[in-house]
Amino acid sequence: AGDAEVTMEMDPGTFDSQKLQGFLSAGVNRISLGVQSLDDDVLNAAGRPHSAKDALEAVERVHRAGVDNWSMDLMGGLPSQSPGGWEKTLEETIGMRPAHVSVYDLQVEASTAFGKWYSEGEAPLPSLDSTADQFIEASRRLGAAGYEHYEVSNYAARPALRSQHNSAYWKRKPFLGLGMGATSFLSGRRYSRPRTLEAYEAWVDALCSNDVMRLSDDPLRFSLATADGEQLPSFLDTVQEDIMLALRTKDGLDLHAFLRRAVPPVKAASRTVPPPPPHGGDGRAAVSLQRAELKEAVMHALGPFIDAGLVSLTPASVITLEDPHGFLLSNQVISSVFAAVESLVDE
């Protein structure tokens with residue numbers, strides 16, 4: 001498609017102008033640079049292979065190549081990251097005028113090298129309060145510079161420059177992933193490919209086998225449903241994902257549209273919803289009551305956050321998290337709604 005967004009994720013210091021031009025000639029029309037920080041001390045402490053100078057030179061190559069739609073990835077919560085250094089990185093980023101900025105928080109996983117080196121919230125990592133301050137400062141400075149904070153971790157210079165592929169994830173639109181470890185979302189189901197090179201090579205060999213190919217009239221479906229397999233979401237999975245993805249965005253959760261999509265199997269022992277009418281009745285009264293109960297549960301869970309000014313409910317019944325403090329506490333808000341929905345569902 002002529003308007004397709006084709007993004008290449010690139011690390012500063014790993015490409016030159018010739019490589020960049022080759023990608024652009026192949027159809028890439030958007031570049032995402034994994035800068036993380038423009039402070040050399042922070043980059044070194046984080047084990048990043050590039051320097052601040054490498055990052056600035058990479059941006060210059062992108063500009064010289066005439067790429068207007070490019071994104072910069074920053075990361076808060078990195079070791080040795082000071083408030084002043086973070087503010088300087090934000091101001092330098094704004095001065096480069098990327099079309100899009102992603103600001104992520106460091107997640108320390110126990111099984112990684114970072115998990116062995118550092119403990120979350122302990123020096124040389126910033127405290128949790130300092131990391132929260134970094135999130136708020138990023139929202140404040142980028143917002144003042146005209147960027148739209150359209151998702152918890154993402155900012156666009158204008159709405160038309162929102163990341164198309166990320167927006168597709170948040171709106172639960174179908175997507176196809178290719179390559180080792182890739183996931184896909186088609187017809188409301190998730191599929192995954194093998195996550196190790198050995199398993200992926202074996203999977204490709206099987207896919208290319210004539211004997212295997214004859215097992216399916218639809219090679220694409222076969223390729224998706226093999227390996228880790230086809231993940232069939234439960235009702236609860238679908239509803240909770242719908243809530244989580246919508247509440248992470250500026251556009252929020254349209255409560256009316258959500259309720260039209262969600263008709264939970266209510267717990268008969270604890271609910272007052274009558275069973276569907278006998279003799280082929282359409283059950284519309286029961287469905288209406290189920291939706292009413294679901295709405296009541298969701299709004300009850302959100303009540304304390306609305307009272308605290310962290311969540312808003314528009315006259316059109318769209319639920320949104322306030323920027324920045326509602327976004328900052330999105331996990332707590334979403335977890336509360338999850339618990340309310342789980343109390344209704346019998347699976």
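In the predicted model, Trp 170 has a relative accessible area of 13% and is therefore buried, since buried means under 20%. This tryptophan is placed in helix α7, which covers residues 164-170. With neighbours up to four places away in sequence left out, Trp 170 touches Tyr 150, Glu 151, Asn 154, Leu 245, Ala 246 and Thr 249. A further pairing links distant parts of the sequence: Trp 170 and Glu 241 stand 71 residues apart along the chain, while their C-alpha atoms are 9.1 Å apart in space.

One of the residues touched by Trp 170 is Asn 154. Asn 154 belongs to strand β6, made of residues 154-156. The relative accessibility of Asn 154 is 2%, so this residue also counts as buried. The side chain of Asn 154 takes part in a polar contact with the side chain of Ser 102, at 2.6 Å. A polar contact at 2.8 Å joins the side chain of Asn 154 to the side chain of Glu 151. Glu 151 is also among the residues that Trp 170 touches. Apart from neighbours within four places in sequence, the residues in contact with Asn 154 are His 100, Val 101, Ser 102, Tyr 104, Glu 148, His 149, Asn 166 and Trp 170. Strand β4 spans residues 100-105, and the contacts of Asn 154 include His 100, Val 101, Ser 102 and Tyr 104.

Val 101 appears again in the surroundings of Leu 142, a residue that touches Ile 94, Val 101, Val 103, Tyr 147 and Tyr 155 when residues up to four places away in sequence are not counted. Leu 142 lies in helix α6, which runs over residues 128-144. With a relative accessible area of 1%, Leu 142 is buried. Leu 142 and Thr 93 are 49 residues apart along the chain, and their C-alpha atoms are separated by 9.2 Å.

Helix α6 and strand β4 also take part in the lining of the largest pocket. The space in this pocket is about 570 Å³. Its lining consists of 25 residues, and those nearest the centre are Asp 105, Gln 107, Thr 131, Leu 328 and Asn 331. At least two lining residues come from each of β4, α6, α14 (325-328) and α15 (330-342). The most is given by α6, with four residues. By residue type, the lining comprises 13 nonpolar, nine polar and three charged residues.

Beside one of these lining elements there is a cis peptide bond. The bond joins Asp 323 and Pro 324, and its omega angle is about 10°. Pro 324 is located in the loop that lies between β12 (318-321) and α14.

Backbone angles were also examined at two further positions. Gln 36 is a residue other than glycine with a positive phi, near 70°. Gln 36 is situated in strand β2, which covers residues 30-36. The relative accessible area of Gln 36 is 10%, and this residue is therefore buried. Ser 80, likewise not a glycine, has a positive phi near 65°. Ser 80 sits in the loop between β3 (70-76) and α4 (83-96). At 42% relative accessibility, Ser 80 counts as partly exposed, because that class falls between the limits of 20% and 50%.

Strand β2 also contains Ser 32. Ser 32 counts as buried because its relative accessibility is 7%. When its neighbours within four places in sequence are left aside, Ser 32 is in contact with Thr 7, Met 8, Glu 9, Met 10, Ser 71 and Asp 73. Strand β3 is formed by residues 70-76, and the contacts of Ser 32 include Ser 71 and Asp 73.

Over the whole chain, 15 helices and 12 strands are found. The chain has 347 residues, of which 43% are buried. Among contacts between residues at least 6 apart in sequence, 63% join residues that are at least 24 apart. The area exposed by the chain is about 18100 Å², and carbon and sulfur atoms supply 52% of this area.

Conventions: Residues numbered from 1 in each chain as written. Predicted model: local features only at pLDDT ≥ 70, side-chain atom pairs only at ≥ 80, totals over all residues. Heavy atoms only, no water. Buried < 20%, exposed > 50% of the residue type's maximum accessible area, 1.4 Å probe, protein only. Polar contact = N/O pair within 3.5 Å; in protein donor to acceptor, adjacent residues only side chain to side chain. Contact = heavy atoms within 4.5 Å. Areas by Shrake-Rupley, 256 points an atom, 1.4 Å probe, with all protein chains shown as cover. 1 Å grid on protein atoms, 1.4 Å probe; cavity = no way out; pocket = protein on both sides within 12 Å on 5 of 7 lines; lining within 4 Å. Points joined across faces, edges and corners; volume = space filled by probe spheres on them. Nonpolar A, V, L, I, M, F, W, Y, C, P; charged D, E, K, R; others polar.
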